[in-house]
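Reader: I should be grateful for a close look at the aromatic ring pairs of this model. Please set them in the context of the chains that carry them.

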Amino acid sequence: MECVLRPCRAEDCAEVVRMIKELAEFEKLPDQVEISDQVLREDGFANDPFYRCLVAEVPPEHRSRDGHTVVGYGLYFFTYSTWKGRNIYMEDLYVMPEFRGKGIGKKLMSKIAEIGVENRCSQMKFVVLDWNRAAIDFYQGHGAVDLTAAEGWHFFHLEGDALKQLARGQLGQ
Amino acid sequence: MAPFRIRKARPEDCPDLLRLIKELAKYEDMEDQVVLTEKDLLEDGFGEHPFYHCLVAEVPGEQWTAEGHLIVGFAMYYFTYDPWIGKLLYLEDFFVMPEFRGLGIGSEILKNLSQVALKCRCSSMHFVVAEWNEPSIRFYKRRGASDLSTEEGWRLFKIDKEHLLKMATEE
């Protein structure tokens, strides 16, 4: 089946939000999605965009059961390592279930890898949930190394009230 | 004179930044992994589209620079994106020279970073910590940070350039 990868356009944001929600459902964390079409558009199409996105599109005759032709996306951005310099971070990689097994995920990831190489990035980084065996196998098959297991890196966040308290110079939970 | 001052890094700070980066790498037993140069830091941090931002902590010290200051700490950060909630501030590196700890420099840097995060409408500050680094884990947890690897099962992965090239060029 023919599938074209192209940069996301502003008018694709509604479709990308749909798929972001589908991915969150799969990751068993749907209540955490607060993003809207408008915010995604503002943040992705600003002067200095906060993210970049590729979408996978199929011709109309192959559209999904629900009538969608945008069937996958890869959302990424550039990060920096004080040891090695520029990196590329793959934040989301998703293909609608009915379009899996056709190499679309691999195509998206390869394109992001290519963009990384073109921009002199030393590494690609991303996170995966520990129970997502299918994804872990897929990534390890492409040379990915689990740094949490190998080097003990844990991912932390500081948000909400804790962040506000810190900004006021206060300690506390 | 104030014991220390936090300010935005300037292009001329790059040699000091690299010095501190190497000191931190040494503390993590990874000194030989630092391949970054002053030129990289300059190009990538002070060009038209910076890849990172930096705060530095300086203390007065007559024997050092012409202005009489020594850079004793830094924090490198950049903006990332969570498709569920939007903009985030990512803290890449955070270091204060051992002989200048206990003055409140770390806390002040973190306070500054939090203010930047809120001003830029970031929902959260993210970072990684090595599980053996108990002092850092305590430092961050005291300030309300949560370990998402433990709580939600997120594991950090990397793919090196060699494999990126392979993926990028194979049919």
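Author: The answer below begins with the two chains and then turns to the rings, the charges placed over rings, and the helix contacts. The model is a predicted one.

Chain A comprises six helices and seven strands, and its elements follow the order β-α-α-β-β-β-α-β-α-β-α-β-α from the N terminus on. Its C-alpha trace extends over about 60 × 35 × 35 Å along the principal axes. Of the 173 residues in chain A, 53% are buried. Where contacts in chain A join residues at least 6 apart in sequence, 58% of them link residues at least 24 apart.

Chain B likewise has six helices and seven strands, arranged along the sequence as β-α-α-β-β-β-α-β-α-β-α-β-α. The principal axes of its C-alpha trace span about 60 × 35 × 35 Å. In chain B, 52% of the 171 residues count as buried. Among its contacts with a separation of 6 or more, 55% are between residues 24 or more positions apart.

As to the rings themselves, a pair of aromatic rings is described by the distance of the centres and the angle of the planes. Rings are paired here if their centres lie within 6.5 Å, and 20 aromatic pairs are counted over all chains. One of them is formed by A:Y51 and B:Y81: the ring centres are 4.7 Å apart and the planes stand at 35°, so this pair is tilted. Because A:Y51 belongs to the loop between helix 2 (37-44) and strand 2 (52-57) of chain A, while B:Y81 belongs to strand 3 (residues 69-82) of chain B, the pair joins two chains. Both A:Y51 and B:Y81 are buried.

A further pair is found within chain B. The ring centres of B:Y78 and B:Y90 are 5.3 Å apart and their planes meet at 15°, so the pair is stacked. B:Y78 is part of strand 3 of chain B and B:Y90 is part of strand 4 (residues 86-96) of chain B, so the pair ties together parts that are twelve residues apart in sequence. Both of these tyrosines, B:Y78 and B:Y90, are buried.

Ring pairs also build a cluster, which consists of A:Y76, A:F78, A:Y80, B:F46, B:F51 and B:Y52. The cluster thus named has members from chain A and from chain B.

Two rings have a charged group over them. In chain A, A:K28 is placed over the face of A:W131, at 4.2 Å from the ring centre. A:K28 lies in the loop between helix 1 and helix 2 of chain A, and its phi is positive, about 65°, although A:K28 is not a glycine. With a relative accessible area of 60%, A:K28 is exposed. In chain B, the charged end of B:R143 is located over the ring of B:F139, 3.8 Å from its centre.

Another residue with a positive phi is B:R121, at about 60°, and B:R121 is not a glycine either. B:R121 is situated in the loop between helix 3 (105-119) and strand 5 (124-130) of chain B. Its relative accessibility is 61%, so B:R121 counts as exposed.

A leucine of chain A also touches aromatic residues. A:L23, in helix 1 (residues 13-26) of chain A, has a relative accessibility of 7% and therefore counts as buried. Leaving aside residues up to four places away in sequence, A:L23 touches A:Y73, A:D92, A:L93 and A:Y94. A:L23 and A:L93 are 70 residues apart along the chain, yet 8.8 Å separates their C-alpha atoms.

Helix packing completes the account. Between the chains, the axes of helix 3 (residues 104-118) of chain A and helix 6 (residues 161-169) of chain B come within 8 Å and cross at roughly 120°. These two helices are therefore oblique to each other, and their crossing is left-handed. On helix 3 of chain A, the contact involves A:M109, A:S110, A:A113, A:E114 and A:V117; on helix 6 of chain B, it involves B:L164, B:L165, B:M167 and B:A168.

Within chain B, the axes of helix 1 (residues 14-27) and helix 2 (residues 38-45) come within 9 Å and cross at roughly 115°. This crossing is right-handed. Helix 1 of chain B contributes B:C14, B:P15, B:L17, B:L18 and B:I21 to the contact, and helix 2 of chain B contributes B:E38, B:L41 and B:L42.

Key:
Residues numbered from 1 in each chain as written. Chains lettered and ligands numbered in written order. Predicted model: local features only at pLDDT ≥ 70, side-chain atom pairs only at ≥ 80, totals over all residues. Heavy atoms only, no water. Phe/Tyr/Trp six-rings, centres within 6.5 Å; stacked < 30°, edge-to-face > 60°. Helix = DSSP H or I, 4+ residues; strand = E, 2+ residues; numbered from the N terminus. Buried < 20%, exposed > 50% of the residue type's maximum accessible area, 1.4 Å probe, protein only. Lys NZ or Arg CZ within 6 Å of the ring centre and 35° of its normal. Axes fitted to C-alpha atoms, helices over the stretch in contact; angles between N-to-C directions. Parallel < 35°, antiparallel > 145°, perpendicular 65-115°, else oblique. Left-handed = near helix turned anticlockwise from the far one by under 90°. Contact = heavy atoms within 4.5 Å.
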